[in-house]
Amino acid sequence: MSENPATGPDGLGQVTDGADGGGDSDDRGDESDDRGSEADDGRAQGAVGCLLAVGGSAAAGVFALPRAAYSIDGGFEAHARDWSVILVELPLILLAGLLVPPVAWAAATRWLRPWAAFLVCAAVVALGLWGVSAVWHPRQGPDPGYGPGI
């Protein structure tokens, strides 16, 4: 319930529900219940967005870190360590994994039901990972027989 009293159309007087000048306490309870359920719905959608952010960053990490392992390790005596992968590319991929799913969720829930919005979000994440795999090729080991050494 608001601390400010409700005003009439002219902005001066108080609005009343009935002809007798007073509103029912049950009516006010119903209004607050409606507002509470709307707030719960917003919280649930926000929680799903946060979970999608965590899931998206985890999916990006699971996808990108094994591909970048050679650039991070550098091979023999770290001669192939690639700092651009470590300092630029991996953080950008993880940031995209963190931001893209909740943004897709927020955009899709404006026009679609939550289950359809979740499918749209999953499709956007899958297309994003496919795009990263098509474009991003960090350096790999020289050949399959090249191992960690003795």
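A residue is taken as exposed when its relative accessible area is over 50%, and as buried when that value is under 20%. By this yardstick, tryptophan 83 in the present predicted model is exposed, because its relative accessible area is 52%. Tryptophan 83 belongs to helix 2, which covers residues 83-109. Trp83 also takes part in a nonpolar surface patch, together with Leu87, Val88, Leu92, Leu95, Leu98 and Leu99. The accessible area of this patch comes to about 700 Å² in total.

Helix 2 also holds threonine 109. Here the cut-off leads to the opposite label: with a relative accessibility of 19%, threonine 109 is counted as buried, because the limit is 20%. A polar contact accompanies this residue, as the side chain of threonine 109 comes to 3.2 Å from the backbone oxygen of alanine 106. In general, an α-helix has 3.6 residues a turn, so residues three or four places apart point the same way.

Attention can now turn to helix 3, which runs over residues 114-135. Its 22 residues, at 1.5 Å a residue, should span 32 Å, and the distance of 31 Å between the end C-alpha atoms agrees with this. Within helix 3, the residues Ala116, Ala117 and Cys121 are buried. Viewed down the helix axis, the buried residues of helix 3 fall within an arc of 140 degrees, so they line one face of the helix. Trp115, Leu119 and Trp130 are exposed, and these lie on the other side of helix 3.

Notes. Residues are numbered from 1 along each chain as its sequence is written. This is a predicted model: local features need pLDDT of at least 70, side-chain atom pairs count only at pLDDT 80 or more; totals for chains, interfaces and linings use all residues. Side-chain values use heavy atoms; hydrogens and water are left out. Helices (H or I, at least four residues) and strands (E, at least two) are DSSP runs, numbered from the N terminus. The expected span of a helix is 1.5 Å times one less than its number of residues. Buried means under 20% relative accessible area, exposed over 50%, partly exposed in between (1.4 Å probe, protein chains only). The arc is that of the directions from the helix axis to the C-beta atoms. Patches are made of residues with over 30% relative accessible area and no salt bridge: like charges are joined within 9 Å, nonpolar side chains (Val, Leu, Ile, Met, Phe, Trp, Tyr) within 5 Å. Accessible areas come from the Shrake-Rupley method with a 1.4 Å probe; for residues, only the protein chains shown count as cover. A salt bridge is a side-chain nitrogen of Lys or Arg within 4 Å of a carboxyl oxygen of Asp or Glu. A polar contact is a pair of N or O atoms within 3.5 Å; within protein, one must be able to donate a hydrogen and the other to accept it, and residues adjacent in sequence count only if both atoms are side-chain atoms.
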